[in-house]
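Colleague: I am new to this structure. Can we go through some of the labels and the reasons behind them?

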Amino acid sequence: MTVRIQTEGFDAGAELNAFTDTVAGAGAVVSFTGVVRDVDGGLVAMEIEHYPGMTEKAIAAIVSEAQSRWDLAGALVIHRHGRLTAGDQIMMVATASRHRVDAFQAAEFLMDYLKSRAPFWKKEMTQSGDGWVEARDEDEAALDRW
């Protein structure tokens with residue numbers, strides 16, 4: 001398991017290749033990379049805050065839960081913090097398993113958790129003003145399936 005919280009960008013292709021090299025015996029590797037969306041063409045930047053130490057511990061715990069639910073050969077979570085702009089990579093999840101179903105389900109589980117429960121606070125700076133990103137009902141509902 002690898003969990004990294006960082007300010008610097010990352011090369012998703014290189015990260016995926018390195019991850020794949022560590023999961024011998026896996027028959028499936030699933031990855032997802034999230035990018036910062038523009039808000040109706042008005043996003044200036046997004047500022048992501050977190051509590052160092054607490055965030056890594058919380059994400060490591062949910063990765064451990066995914067490993068206990070699915071037969072995983074490995075899991076990777078990268079999440080950025082700091083100032084990001086539209087199109088910047090914000091996070092990456094990769095999972096590996098002997099079979100694709102476990103890899104896909106574990107990746108979706110981790111992405112749903114990161115979207116709604118990971119201890120990050122996001123503030124959008126737009127041309128019309130600044131505001132904290134509120135929790136969305138559909139993101140919360142996505143957790144119900146797990």
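Colleague: Why is Arg145 called partly exposed?

Modeller: Keep in mind that this is a predicted model. Arg145 has a relative accessible area of 48%. Buried means under 20% and exposed means over 50%. The value for Arg145 lies in between, so Arg145 is partly exposed.

Colleague: What makes the contact between Asp112 and Arg145 a salt bridge?

Modeller: The closest N and O atoms of Asp112 and Arg145 are 3.1 Å apart. The cut-off is within 4 Å, so the pair counts as a salt bridge.

Colleague: Where do Asp112 and Arg145 sit in the chain?

Modeller: Asp112 is in helix H3, and Arg145 is in the segment after H4. They are 33 residues apart, and the pair links distant parts of the chain.

Colleague: Is Asp112 buried or exposed, and how do you know?

Modeller: Asp112 is at 15% relative accessibility. Buried means under 20%, so Asp112 counts as buried.

Colleague: Which residues are joined with Asp112 into one network?

Modeller: Glu108 and Arg145. The network arises from salt bridges that share partners.

Colleague: How do you know that Glu108 and Arg145 form a salt bridge?

Modeller: Their side chains meet at 3.2 Å, N to O. That is within 4 Å, so the label holds. This pair also links distant parts of the chain. Glu108 lies in helix H3 (residues 100–116), and Arg145 follows helix H4 (137–142), 37 residues apart.

Colleague: Why is Glu108 called partly exposed?

Modeller: Glu108 is at 31% relative accessibility. That value falls between 20% and 50%, so Glu108 counts as partly exposed.

Colleague: How many salt bridges does the whole structure have?

Modeller: The search finds 6. One of them joins Glu65 and Arg69, at 2.7 Å, N to O.

Colleague: Where do Glu65 and Arg69 lie?

Modeller: Both are in helix H2 (residues 54–69). They are 4 residues apart, about one turn of the helix.

Colleague: What makes Glu65 and Arg69 partly exposed?

Modeller: Glu65 is at 30% relative accessibility. Arg69 has a relative accessible area of 38%. Both values lie between 20% and 50%, so both residues are partly exposed.

Colleague: Which residues form the nonpolar patch on the surface?

Modeller: Tyr51, Met54, Trp121 and Trp132. Together they have about 460 Å² of accessible area.

Colleague: What makes Met54 fit the accessibility rule for a patch?

Modeller: Met54 is found in helix H2. A patch residue needs over 30% relative accessible area. Met54 is at 41%, so Met54 passes that cut-off.

Definitions and conventions: Residues numbered from 1 in each chain as written. Predicted model: local features only at pLDDT ≥ 70, side-chain atom pairs only at ≥ 80, totals over all residues. Heavy atoms only, no water. Helix = DSSP H or I, 4+ residues; strand = E, 2+ residues; numbered from the N terminus. Buried < 20%, exposed > 50% of the residue type's maximum accessible area, 1.4 Å probe, protein only. Patch = residues over 30% accessible without salt bridge, like charges linked within 9 Å, V, L, I, M, F, W, Y side chains within 5 Å. Areas by Shrake-Rupley, 256 points an atom, 1.4 Å probe, with all protein chains shown as cover.
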